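User: Could you take a close look at the empty space in this one for me, pockets and cavities both? After that, I'd like to hear about the buried polar side chains and the ring pairs.

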Amino acid sequence: DEFLAVGIPEAAEKNTVEIIRELKRLSGTAYLEYNEVIQLDQQDGSLSTTAVKAKHVNDPKVGSQWGWDAIQGDRVQEILSGSGIKPQKKALIAILDSGVDAKHEDLVAQFASNGVTNDSDPLGHGTHCAGIAAAVSNNGIGIASLVPDPSYIQVTSIKVMNAMGMGNQQATIQGIIRAADMGADVISMSLGGISSDSRQRAYEEAVKYANAKGSIVIAAAGNSNQNAKDYSPANAKGIIAVSALSPEQQKAPFSNTVNDLAYGVAAPGMKIMSTYPNNQYKELDGTSMATPMVAGLVGMLKAFRPGLTTKEVYDILYDTGKSIPDGKATGRMIQAADAMEKVID
């Protein structure tokens with residue numbers, strides 16, 4: 001759909017209700033909704049976790065990656081490394097966020113630039129998400145992801161948030177469209193906000209457009225400890241929404257619930273170690289961290305079976321997912337190796 005963003009001058013803000021009423025009366029207006037403000041919610045991890053003993057990667061910080069271990073990260077490496085199994089394509093994951101540090105030592109080999117303005121990250125949030133989805137594994141540097149080597153996945157950045165972690169619905173929708181037009185197999189959005197609209201038609205049209213181009217769209221359920229049916233874009237039709245789990249594999253205290261959404265899944269989202277600008281590494285909490293964990297797995301699934309639809313992907317994640325105590329609220333926790341075995345011929 002064509003859409004226009006209409007700005008209301010500050011002096012006229014007191015007349016917003018009247019302006020909206022008049023806009024709705026215009027014969028050319030199909031629908032109208034607020035351009036929702038979006039804010040990134042970045043939290044520092046503060047828990048203790050059990051050390052991970054990985055057998056199939058040599059990344060020095062993998063001992064801190066309890067989440068990677070919980071979703072069968074080492075087993076994915078075992079299945080694919082040295083097996084001779086080849087993907088059908090190199091899948092592209094687009095991170096819609098605050099940008100990505102394209103020169104980071106643990107990302108550069110798998111990063112594909114689509115413009116220098118997207119290749120820096122003053123906030124750090126986008127770089128953290130990119131590492132979770134597609135850090136270079138088994139390179140003796142930093143962390144591991146589900147991706148064994150650059151022949152499977154490339155990750156790119158589309159900056160939709162500013163240096164303060166603020167954005168809006170218009171920028172996010174334009175980012176979805178741009179990613180789809182680039183041929184992104186997966187669009188990962190660790191962002192969102194409480195929605196004041198009962199319908200999010202603009203988001204849904206953008207997702208429908210992306211799906212038609214072959215993109216799977218994944219979004220954070222949100223960190224408000226509320227129902228994600230009131231959180232956008234997670235509540236938009238056609239999106240896979242991701243809740244966050246604690247190291248005990250229970251719903252993270254802050255995580256929104258996804259039981260009222262069509263495609264809700266869960267992934268680790270507390271004390272998640274990942275890449276940070278200037279070759280740093282940091283632990284953060286949030287559904288923001290759980291989302292790229294799912295995006296990385298979906299990228300791997302698409303590398304082996306490029307034609308997968310959103311429903312087909314969700315069905316794989318559900319069928320192979322792990323039932324957990326809070327599963328009704330969070331969805332099942334993804335199990336990467338079991339999911340991969342569904343698509344490897």
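Analyst: By class, the lining of the largest pocket comes out as 14 nonpolar, seven polar and three charged residues. Keep in mind that this is a predicted model. The volume of that pocket is about 840 Å³. Its lining has 24 residues, and those nearest the centre are L4, A5, V6, L32 and E33. As for secondary structure, the elements that contribute two or more residues to this lining are α1 (16–25) and α5 (169–182).

Now for enclosed space. Searching the whole structure turns up one cavity of 30 Å³ or more. The largest cavity has a volume of about 130 Å³. It is lined by 18 residues, with Q65, W68, I132, A144 and M293 closest to its centre. Two or more lining residues come from each of α2 (66–70), α4, β12 (272–276) and α7. Sorted by class, the cavity lining splits into 11 nonpolar residues, six polar and one charged.

On to the buried polar side chains. S243 sits in strand β10, which covers residues 240–245. Its relative accessible area is 0%, so S243 counts as buried, the cut-off being under 20%. What is around it? Beyond its neighbours within four places in sequence, S243 touches A221, S255, N256, V258, V265, A266, A267, T287, A290 and T330. T330 is worth a second look: its backbone oxygen is 2.8 Å from a polar atom of the S243 side chain. If you want a distance to somewhere else in the chain, S243 and L146 are 19 Å apart, C-alpha to C-alpha, with their positions 97 residues apart in sequence.

T156 is the other one to check, and you'll find it in strand β4 (residues 153–159). With a relative accessible area of 1%, T156 is buried too. Its side chain has a polar partner in the side chain of N114, at 2.8 Å. Leaving out neighbours within four places in sequence, the contacts of T156 are L92, I93, A94, I95, F111, A112, S113, N114 and M182. So N114 shows up both as a contact of T156 and as its polar partner.

Last, the rings. The count of aromatic pairs is three. In one of them, Y152 and F304 have ring centres 6.0 Å apart and planes at 40°, so the pair is tilted. Y152 belongs to the loop between α4 (125–134) and β4, while F304 is in helix α7 (residues 287–304), so this pair ties together parts 152 residues apart in sequence. Y152 and F304 are both buried.

Y314 and Y318 make another tilted pair, because their planes meet at 35°, with ring centres 6.1 Å apart. This one is local in sequence terms: both residues lie in helix α8 (residues 310–320), four residues apart, about one turn of the helix. Are they buried or exposed? Y314 counts as buried at 13% relative accessibility, whereas Y318 is partly exposed at 37%. Ring pairs also bring in Y263, which forms a cluster with Y314 and Y318.

For your next look at the model, some of these spots share elements: helix α7 holds F304 and also gives two or more residues to the cavity lining. Strand β4 carries T156, and the loop between α4 and β4 holds Y152.

How values were computed:
Residues numbered from 1 in each chain as written. Predicted model: local features only at pLDDT ≥ 70, side-chain atom pairs only at ≥ 80, totals over all residues. Heavy atoms only, no water. 1 Å grid on protein atoms, 1.4 Å probe; cavity = no way out; pocket = protein on both sides within 12 Å on 5 of 7 lines; lining within 4 Å. Points joined across faces, edges and corners; volume = space filled by probe spheres on them. Nonpolar A, V, L, I, M, F, W, Y, C, P; charged D, E, K, R; others polar. Buried < 20%, exposed > 50% of the residue type's maximum accessible area, 1.4 Å probe, protein only. Contact = heavy atoms within 4.5 Å. Polar contact = N/O pair within 3.5 Å; in protein donor to acceptor, adjacent residues only side chain to side chain. Phe/Tyr/Trp six-rings, centres within 6.5 Å; stacked < 30°, edge-to-face > 60°.
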